[in-house]
Every structure is written in structure tokens, then in C-alpha cells.
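Let's take a walk through this model, starting with the chain as a whole and ending with a couple of valines.

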Amino acid sequence: AEFDFAEHAALEIDRRLGDTRRAHAVRCGAREARDLELGDSTLVVGELVCAHVDDALLVDGRVDIEKLRPVGRLGGDGYSLVRDVLHMQRPKVERG
């Protein structure tokens, strides 16, 4: 139910912004692993088993976040829109 609601909320935000490009750009399939009760909320932790990404979102074989413009789930009834993307080189980590 949470996943259906989140998709509906993302589409509603797109509609309000006059943008319907994301409607079926990304589809994922997941197996529910466990529910973690956190006060009045439940965190669902699952295993992603498949994903489909529209080719129009790819640049050099990777998802371009600026094209995707994802909606993030916050606490309570809050959602966030990604408006700014910062690019920085990842640090090198030596494993030993």
C-alpha cells in the first residue's frame, strides 16, 4: 500500500507541476524482507529484484538524475523534489 501511495503521490506532484514525463519511466520489483516498527511508523526493508529504466533517462549507460527528477519520501506526509544536483568525485578507499 505504501508503494502504491508513493507512486500516486509522485504522479500527483508531476500533474501539479504540469510534467508527466516520469509516469512510467522507472519500474521496480522488490521482495519484502521485513517491517521495522519505529514509533508510529513502519520502515519497510526489502530486496530489489528487478528494475526497468526508460532509455530516455540514460546517459552513458547510467541514470541521469536531472532527467529523472525523483521524488523522495520524508517523514510524516512529507515528500521532497530533487531540484539541485551536486557532482563531486568519489574518494578512493583502500581496502585492506
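What share of the 96 residues in the chain is buried? Buried residues come to 10%, where buried means under 20% relative accessible area, exposed over 50%, and partly exposed in between (1.4 Å probe, protein chains only). Keep in mind that this is a predicted model: local features need pLDDT of at least 70, side-chain atom pairs count only at pLDDT 80 or more, and totals for chains, interfaces and linings use all residues. Residues are numbered from 1 along each chain as its sequence is written, and side-chain values use heavy atoms, with hydrogens and water left out.

The chain has two helices and six strands, in the order α-β-β-β-β-α-β-β from the N terminus. Here helices (H or I, at least four residues) and strands (E, at least two) are DSSP runs, numbered from the N terminus.

On the outside, Leu36, Leu38, Leu43 and Val45 make a nonpolar surface patch of about 300 Å². Strand S1 (26–38) and strand S2 (41–53) are the elements that give two or more residues to this patch. Patch members have over 30% relative accessible area and no salt bridge (a side-chain nitrogen of Lys or Arg within 4 Å of a carboxyl oxygen of Asp or Glu); like charges are joined within 9 Å, nonpolar side chains (Val, Leu, Ile, Met, Phe, Trp, Tyr) within 5 Å. Areas come from the Shrake-Rupley method with a 1.4 Å probe, and for residues only the protein chains shown count as cover. Valine 45 sits in strand S2 and counts as partly exposed because its relative accessibility is 34%.

Valine 85 lies in the segment after strand S6 (79–81). Leaving aside neighbours within four places in sequence, valine 85 is in contact (heavy atoms within 4.5 Å) with Ile65 and Glu66.
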